[in-house]
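Biologist: I would like a close look at a single part of this protein, namely the buried interior and the aromatic residues within it. Please take me through that part carefully, and then place it among its surroundings.

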Amino acid sequence: MNAQTLQYPVGSSDRSSRGEVPDRLRWVIVTGTYAVVGGVADYTRQVATALAAAGDEVTVCAPLDHCGHSNDHNVRLAGIRRQFGVLSLRNLDQVLTSVRADRVLIQYVAQGFGWQGMNLPFCLWLFARRRRYRIWVMFHEVAVLMERRKSIRYNVFAIVTHLMALLVARSAERIFVSIPPWEPWLRPMLSGPHPMTWLPVPSNIPVIWSPTECSRIRMCYASDGEMLIGHFATYGPSVAEPLMEAFSLVLRGAPNARVLLTGNNNEAFQKQFASIHPDLAGRVWAAGPLSDTDLSYHLGACDLMVQPYPDGISTRRTSAMACLSHGIPVVTTIGQLTEPLWKDSQAVLLSPVDDPEDLARQTKWLLNDAAERSRLAAAGKALYENRFALPHTIARLRVPKGVN
């Protein structure tokens, strides 16, 4: 990775974070989804409301059928017809003309713009306007990796996503990436030097600390002397299988441990776990659907979090960010997308991907070491506040006009 072309997220290096506030900016943010639970939708809403709170004029363009209910103060929502088809692009032109945007910020995920992830017309539309508007692009993902063992249909899809990313990247005045590994994917698509900025994704769960509520919730799942292990995710297949094995090993080796599941699909995972390990079913609890406030309380009730990821922890994992921002020690996995800072900072406990036995071993060790849990909790929260919190994102975006 070329350190000269990838700018790292150190908030104190930005002029705006040193008190030099830019003029009021007019933003148009284009996204495939907005104001619904999870992922890019939550991230975009955070950024939009924070920019508006900083004094900017913000308009969000998203498909009407992919917008949740939103009454965000000072954020204008311009609903787009259908999934970025011809009529949608005409709507976008009308919005951009009327707003006279200083910056057009694209929240890019290929699958986010409809057409089953192959919306070349949208990318061509954007490329044709690269000299008309100051287009900034946040790459949450870049493209689908081509694989020889996959079907022809799959690899055609992968080729199209690479072409889309090329057009979008060449449309951009400035490029942001959610993780550093996206930089070598994008670099060959560009002609000449083009600085990129690493913009980690902050937590989308506000920290609402209430010792009374956290204690009350903890008593629902664990009695005095018992340890409560948490997990916050959506329980996709690539996570559910190793997580199930790791939890069974932990619970069999630590009789005083209990597990609390949060996030989407937690009840389905609990039922599956109970069917495979009926003798452990009474020690694994599903919290069910929770508001952001209740989720914050439930996270705060846990002694530690176990957060495996199939490609390793990275700065685009909002579930990991939520755990760190709440000051909870985290046991997680190291993989191909894991940035060096996770090992260097020693702010999380790392286990190899695809090794549930080691994940369980690390978890049991941490359960028995109160001092290390305390150290990890403090180190993780400090890392989040110093590198990943939302103000760093806004400082990077609100650089004064004319500053690269």
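Modeller: A residue is called buried when its relative accessible area is under 20%, and exposed when that value is over 50%. The model you are looking at is a predicted one, and every value below is computed from it. With that cut-off in hand, Val104 is a convenient place to start: its relative accessibility is 4%, so Val104 counts as buried. Val104 belongs to strand 5, which covers residues 103-108, and, once residues up to four places away in sequence are set aside, Val104 touches Val28, Val30, Leu96, Tyr133, Arg134, Ile135 and Trp136.

One of those contacts, Val30, leads into the largest nonpolar core, a set of 43 residues in which Val30, Ile106, Tyr108, Phe122 and Phe139 have the most contacts. Helix 4 gives this core its largest share, 6 residues. In soluble globular proteins, nonpolar side chains tend to be buried together. A second core, separate from this one, has 33 residues, including Trp198, Leu260, Tyr309 and Ala347.

Within the largest core, Tyr108 deserves a slower look. Leaving out residues up to four places away in sequence, Tyr108 touches Phe113, Cys123, Val137, Met138, Phe139, His140, Glu141, Val142, Thr161, Met164, Ala165 and Val168. Tyr108 is buried, as is Phe113.

The aromatic rings can be followed through this region in some detail. A pair of aromatic rings is described by the distance of the centres and the angle of the planes. There are 13 aromatic pairs in the structure. In one of them, the ring centres of Phe84 and Phe122 are 5.3 Å apart and the ring planes stand at 65°, so this pair is edge-to-face. Phe84 sits in the loop between strand 4 (75-80) and helix 2 (86-99), whereas Phe122 sits in helix 3 (residues 120-128), so the pair ties together parts that are 38 residues apart in sequence. Phe84 and Phe122 are both buried. Another pair, Tyr108 with Phe113, is stacked, with 6.0 Å from centre to centre and 20° between the planes. Through ring pairs, Phe84, Tyr108, Phe113, Phe122, Trp125 and Phe139 are linked into a cluster.

The loop between strand 5 and helix 3 holds Gln116, and this residue offers a contrast in burial. With a relative accessibility of 69%, Gln116 counts as exposed, because the threshold for that class is over 50%. Although Gln116 is not a glycine, its phi is positive, at about 55°. Most residues other than glycine have a negative phi, and most peptide bonds are trans. Asn265, in the loop between strand 10 and helix 8, is likewise not a glycine and has a positive phi of about 70°.

Moving on to helix 8 itself, which spans residues 266-276, one finds Gln270. Its relative accessibility is 19%, so Gln270 counts as buried under the 20% limit. Apart from neighbours within four places in sequence, Gln270 is in contact with Leu261, Ala281, Val284, Trp285 and Ala286. For a sense of distance from the starting point, the C-alpha atoms of Val104 and Ala287 are separated by 40 Å, and these two residues are 183 residues apart along the chain.

Helix 9, residues 292-300, has Leu295, Ser296, Tyr297, His298 and Leu299 among its buried residues. The elements that cover the buried residues of helix 9 include helix 6 (211-221), strand 9 (227-232), strand 10 (257-262), strand 12 (304-307) and helix 10 (318-325). In helix 14, which runs over residues 390-397, His392 has a relative accessible area of 18% and is buried. His392 lies 37 Å from Tyr154, C-alpha to C-alpha, and 238 residues from it in sequence.

A last feature of the surroundings is open space. The second largest pocket holds about 460 Å³. It is lined by 18 residues, of which Ala143, Leu145, Trp182, Trp185 and Leu337 are the closest to its centre. Helix 4 (152-171) and helix 5 (182-186) are the elements that give two or more residues to that lining, and helix 4 is also the element that gives the largest share of the largest nonpolar core. By class, the lining of this pocket has 11 nonpolar, 3 polar and 4 charged residues.

How values were computed
Residues are numbered from 1 along each chain as its sequence is written. This is a predicted model: local features need pLDDT of at least 70, side-chain atom pairs count only at pLDDT 80 or more; totals for chains, interfaces and linings use all residues. Side-chain values use heavy atoms; hydrogens and water are left out. On a 1 Å grid over the protein atoms alone, a cavity is a set of points where a 1.4 Å probe fits but cannot get out, and a pocket is an open set with protein on both sides within 12 Å along at least five of seven lines; lining residues have an atom within 4 Å of a point. Grid points are joined across faces, edges and corners, and a volume is the space filled by probe spheres set on the points. Helices (H or I, at least four residues) and strands (E, at least two) are DSSP runs, numbered from the N terminus. Ala, Val, Leu, Ile, Met, Phe, Trp, Tyr, Cys and Pro count as nonpolar, Asp, Glu, Lys and Arg as charged, and the others, Gly among them, as polar. A nonpolar core is a set of buried Ala, Val, Leu, Ile, Met, Phe, Trp, Tyr and Cys residues joined through side-chain atoms within 4.5 Å. Buried means under 20% relative accessible area, exposed over 50%, partly exposed in between (1.4 Å probe, protein chains only). Contact means heavy atoms within 4.5 Å. Rings of Phe, Tyr and Trp (its six-membered ring) pair if their centres lie within 6.5 Å; planes under 30 degrees apart count as stacked, over 60 as edge-to-face and the rest as tilted.
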